[in-house]
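Me: I would like a close look at a single part of this molecule, explained slowly enough for someone in a first year of study. Please start with the whole chain and then stay with one element and one of its residues.

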Amino acid sequence: MNSERYLWPRAARNLLLAGLAAAVVIIGLTWSEIHSTRERTLNEAGEELAQIGLSLSAQLERDLQAVALVMTEARELALRQGGPRPDLHRQLYAPLRNLSSGLPILNNLLIINNQGLVVASNLNHDQPLVDVSDRPYFKYHRASPQGELTLGESVISRTTGY
């Protein structure tokens with residue numbers, strides 16, 4: 001009887017140790033699977049973000065090229081009408097509207113004279129003379145008359161109010 005009491009705790013102890021070892025193995029395998037799944041998910045997300053970045057970059061490049069073409073055409077329209085003058089808004093409203101309608105990212109297309117007055121717009125048939133001579137984009141284009149596209153900070157438009 002004495003030996004049975006001694007064996008029973010040893011068997012229980014061995015069973016307990018085996019259960020504990022199994023739990024440690026299961027926890028280790030689970031941790032390993034979680035870690036590898038996390039790494040795989042992060043790698044996939046990084047690859048997906050890289051693809052999205054490339055797509056956005058290509059779209060932005062196409063959009064900027066389209067805006068540059070519209071700017072060139074608007075300038076040529078104004079020059080064919082005798083240059084930017086105060087009564088130009090009536091002749092250029094429809095052509096500017098047509099130019100901008102094919103390019104949803106272009107909200108407000110303006111013809112501005114050398115003094116910084118908006119003389120035509122795609123949004124307003126009777127465009128009032130609005131002074132934009134203090135705006136950074138006007139200063140840039142005055143200093144760089146070859147018509148290169150520039151990007152600047154967003155500002156509240158004096159012609160639309162937004």
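Reply: What follows goes from the whole chain to helix 2 and then to S100. The model is a predicted one, and its protein chain holds three helices and three strands, which run α-α-β-β-β-α from the N terminus on. The C-alpha atoms fill a box of roughly 120 × 30 × 25 Å along the principal axes, and the radius of gyration is 35 Å, whereas a compact globule of 162 residues would have one near 15 Å. Buried residues make up 20% of the 162 residues in the chain.

Within this chain, helix 2 covers residues 88-101, which is 14 residues, and from its first C-alpha to its last it reaches 20 Å, close to the 20 Å expected at 1.5 Å a residue. Helix 2 nevertheless bends by about 35° at A94, and a proline, P95, follows within four residues. The buried residues of helix 2 are L88, H89, L92, Y93, L96 and S100. As background for reading such a list, an α-helix has 3.6 residues a turn, so residues three or four places apart point the same way.

S100, which lies in helix 2, deserves a closer look. Its relative accessibility is 7%, and because buried means under 20%, S100 counts as buried. Leaving aside neighbours within four places in sequence, S100 is in contact with L106, L109 and N122. With N122 there is also a polar contact, made between the side chain of S100 and the side chain of N122 at 2.7 Å.

Definitions and conventions: Residues are numbered from 1 along each chain as its sequence is written. This is a predicted model: local features need pLDDT of at least 70, side-chain atom pairs count only at pLDDT 80 or more; totals for chains, interfaces and linings use all residues. Side-chain values use heavy atoms; hydrogens and water are left out. Helices (H or I, at least four residues) and strands (E, at least two) are DSSP runs, numbered from the N terminus. The expected span of a helix is 1.5 Å times one less than its number of residues. The bend at a residue is the angle between axes fitted to the seven residues ending there and the seven starting there. Buried means under 20% relative accessible area, exposed over 50%, partly exposed in between (1.4 Å probe, protein chains only). A polar contact is a pair of N or O atoms within 3.5 Å; within protein, one must be able to donate a hydrogen and the other to accept it, and residues adjacent in sequence count only if both atoms are side-chain atoms. Contact means heavy atoms within 4.5 Å. The radius of gyration is taken over C-alpha atoms; the globule rule is 2.2 Å times the number of residues to the power 0.38.
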